[in-house]
Amino acid sequence: MADGFCSDCGCVFDLNQPSCPRCGRCPACGKKTNGAATCPRCGHPQDARRLADLERRLNPATASNQKTITQLESSWRGNQLFKRLRWRRFAALSLGLAAVSESILFTLFWSVLKLSDSRLELFIINTTMMAIICLFIWFVRRQLASGKWHWLLKPSLSTSEKNPQGVSSGPSGVEQP
Ligand SMILES: [Zn+2]
Ligand SMILES: [Zn+2]
C-alpha cells in the first residue's frame with residue numbers, strides 16, 4: 001500500500017487502485033479505464049514489480065514530485081473551470097470593462113493631462129490596458145477558484161442539455177402577402 005500521484009490531474013491516491021479516483025486514468029499508462037479492475041492496456045495494478053517501480057517514481061513525498069503535484073493540481077482546477085466558463089458572459093464582461101477603462105484613460109489624457117504627443121499617449125494607454133486585462137483575468141480566475149462568481153460558470157460538466165420540449169427549428173411563419 002503506497003500512495004502515488006496521478007500524472008494527469010495530480011490527485012494523490014493508493015496506487016493499488018486500477019485508476020485515479022478523480023480523472024479515471026490509469027496511473028501507469030494514462031489510459032481511461034472506465035472503472036475496470038485492471039487497466040485494459042497495461043494490466044496495472046497486477047504486475048508487482050512494475051507497481052513497485054511506479055510507487056518509487058510517483059512517490060508524493062519527494063520535493064520535486066511535490067512541486068509537480070502542485071502544478072498539476074493548479075492546472076487541473078484551471079481546466080475544470082475553463083470547461084465550465086460561460087464564454088459569452090465572460091466576453092461581454094471583458095469588453096465592457098475594456099470600453100469603460102479605455103474611455104476613462106482617454107478622458108484623463110485629453111482633458112486632464114492635456115497630452116499632445118499622441119504616440120506616447122497611445123503607448124501609455126495600450127500598456128495600461130494590457131495591465132488591466134491581465135489583472136482582470138487573474139482576478140476572475142481567483143474569484144472562480146474560491147467559489148465566487150458562479151454566474152460566470154455553467155452549473156455542471158454535462159454537455160448540451162437538449163430542450164425537452166423539442167421545439168421545431170427552421171424557417172417557419174413566413175407570412176404570405
Ligand atoms: Zn487523475
Ligand atoms: Zn494502464
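**Backbone outliers and confidence**

Reader: Where does Trp-149 lie?

Author: Trp-149 lies in the segment after α4, where helices (H or I, at least four residues) and strands (E, at least two) are DSSP runs numbered from the N terminus. This is a predicted model, in which local features need pLDDT of at least 70 and side-chain atom pairs count only at pLDDT 80 or more, while totals for chains, interfaces and linings use all residues. Residues are numbered from 1 along each chain as its sequence is written, and chains are lettered from A and ligands numbered from 1 in the order in which they are written.

Reader: What phi does Trp-149 have, then?

Author: Although Trp-149 is not a glycine, its phi is positive, at about 60°. Most residues other than glycine have a negative phi.

Reader: Buried or exposed, that Trp-149?

Author: Trp-149 is partly exposed, because 17 other C-beta atoms lie within 10 Å; with C-beta atoms placed from the backbone, 20 or more others within 10 Å would make a residue buried, 12 or fewer exposed, and anything in between partly exposed.

Reader: And what about Asn-34?

Author: Asn-34, also not a glycine, has a positive phi of about 50° and is found in the loop between β2 and α1. Asn-34 counts as exposed, because it has 8 C-beta neighbours inside 10 Å.

Reader: Switching topic, which residues does the cis peptide bond join?

Author: The cis bond joins His-44 and Pro-45, with omega about 5°, and Pro-45 lies in the loop between β2 and α1 (48–57).

Reader: What pLDDT does the chain average?

Author: The average is 83, and 86% of the residues score at least 70, pLDDT being the predictor's confidence in each residue, from 0 to 100.
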